[in-house]
Amino acid sequence: MTRHLISSADLTRRDVEDILETAASMHDLQRREVKKVPTLRGRTVINFFFEDSTRTRSSFEIAGKWMSADTINLSAKGSSTSKGESLRDTAMTIDAMAVDALVIRHNASGACHQVAKWVRCSVINAGDGTHEHPTQALLDAYTLRTRLGDLDGRHVVIVGDLTHSRVFRSNVITLKTLGARVTVVAPPTLMPSGIGAWSEADGFATSWDLDAVLAGDDPVDAVMMLRVQRERMSAAYFPSAREYSRRYGLDARRMARLPEHAIVMHPGPMNRGLEITADAADSARSTIVEQVANGVSVRMAVLYLLLAGSDDHEEAPARSVLEGAR
Ligand code: CP
């Protein structure tokens, strides 16, 4: 694995498989009474979130703490960013304190890529604007593999607000890396510009018609619903919430058309009643809560693989992930 995790495209199939296998061994820790291993003792991880988060921030913090790293959370409010300090000065200030990793969420696409050029520590992208969210794609792949096994040839349908979704971009890349087939579905107004060339180059399908995809000849193994990101919308992208739900929402009627083994995913947070109904979100097919739990294991794996084996550090407990746990 490289020093940073900025884009899902940074990861080869071998890298993704290493992360998912390491995450599986980390997952055992969640079932233990004492969830603490010394793996990252002496390392410092800063979680700097310039945008709000519940899942990503807390799971990175838990992941670091369970592996005995010193984890510190910063947000734009309460840091000197609110006084006008630039991203470059902020990043260099944090790096000067000899931290080992900087986990960043930022509203600007490309922010993590820039920061990685300015600092010595590892940079992990926890979501940059509408660009990418690589650890979300990894935890989704982990969830899919846990439920469906090998993803080679599996058909995953991603539905919703593609224009504003970093989850969709990272998921398409990671799913294709693992050999899955992907169809993305959105209203024409929420289909990103340039997707035609991208889908042709990377071999995934696009559609404006969810019902046609669900009823098509290609059985669906998983349907991943995306949040309608109203906070990023400066115009009306669909006539009404009711109309959006009618055409693109997942409800019991559409779920009934899925093969029996197919699963329902959502990265969260959900707009219940808009892109997904409560009965779909809370059904036995839903992996939404499981995805959150898997997020901790996958982020432990990412921190471990980036930090524990680094030549810069005196300890390199390569094969002793859970060593020392009681
Ligand atoms: N899926 C996700 O990134 O959720 P948060 O915004 O709560 O971190």
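Here are some notes on helix packing, backbone geometry and a few individual residues in this predicted model.

1. Let's begin with a helix pair. Helix α3, spanning residues 87-95, packs with helix α4, residues 111-118, at an angle of about 50°, and their axes are 10 Å apart. Because of that angle, α3 is oblique to α4. The crossing in which α3 passes α4 is right-handed.

2. Who makes this contact? On the α3 side the residues are Leu87, Arg88, Ala91, Met92 and Asp95, and on the α4 side they are Ala111, Val115 and Trp118. Sorted by class, the contact of α3 with α4 holds six nonpolar residues, two charged ones and no polar ones. If you look along the helices, one general point is handy: an α-helix has 3.6 residues a turn, so residues three or four places apart point the same way.

3. Helix α9 (residues 241-248) is a nice one to rotate on screen. Its buried residues are Tyr244, Ser245 and Tyr248. They sit on the same side of α9, because the arc they cover around the axis is only 100°. The face turned away from this buried side carries Arg242 and Arg246, which are exposed.

4. What do the buried residues of α9 pack against? Their partners are the strands β5 (155-159), β6 (181-185) and β8 (222-225), together with the helices α8 (210-214) and α10 (252-255).

5. Now for the backbone. As a general reminder, most residues other than glycine have a negative phi, and most peptide bonds are trans. Against that background, the peptide bond joining Gly268 and Pro269 is cis, with omega at about -10°. You will find Pro269 in the loop between β9 (263-265) and α11 (278-281).

6. Ser68 is worth a look too: its phi is positive, about 70°, although Ser68 is not a glycine. This residue belongs to the loop between α2 (55-66) and β2 (70-75). Is Ser68 buried or exposed? Its relative accessible area is 17%, so Ser68 counts as buried, the cut-off being under 20%.

7. Ala98 also has a positive phi, about 60°, without being a glycine. Its place is the loop between α3 and β3 (101-106). With a relative accessible area of 52%, Ala98 is exposed, since the label applies over 50%.

8. Thr44 lies in strand β1, which covers residues 44-49. The relative accessible area of Thr44 is 19%, and Thr44 is therefore buried. Which residues does Thr44 contact once its neighbours within four places in sequence are left aside? They are Asp70, Ile72, Val99, Asp100 and Ala101.

9. Last comes Leu139, in helix α5 (residues 134-148). Leu139 is buried, with a relative accessible area of 3%. Not counting residues up to four places away in sequence, Leu139 touches Gln291, Asn294, Gly295, Val298 and Arg299. If you would like a distance to check in your viewer, Leu139 and Arg41 are 24 Å apart in space, C-alpha to C-alpha, and 98 residues apart in sequence.

Key. Residues are numbered from 1 along each chain as its sequence is written. This is a predicted model: local features need pLDDT of at least 70, side-chain atom pairs count only at pLDDT 80 or more; totals for chains, interfaces and linings use all residues. Side-chain values use heavy atoms; hydrogens and water are left out. Axes are lines fitted to C-alpha atoms, for helices over the stretch in contact, and angles run from 0 to 180 degrees between N-to-C directions. Helices (H or I, at least four residues) and strands (E, at least two) are DSSP runs, numbered from the N terminus. Angles under 35 degrees count as roughly parallel, over 145 as roughly antiparallel, 65 to 115 as roughly perpendicular and the rest as oblique. A crossing is left-handed if the near helix is turned anticlockwise from the far one by less than a right angle, and right-handed if clockwise. Contact means heavy atoms within 4.5 Å. Ala, Val, Leu, Ile, Met, Phe, Trp, Tyr, Cys and Pro count as nonpolar, Asp, Glu, Lys and Arg as charged, and the others, Gly among them, as polar. Buried means under 20% relative accessible area, exposed over 50%, partly exposed in between (1.4 Å probe, protein chains only). The arc is that of the directions from the helix axis to the C-beta atoms.
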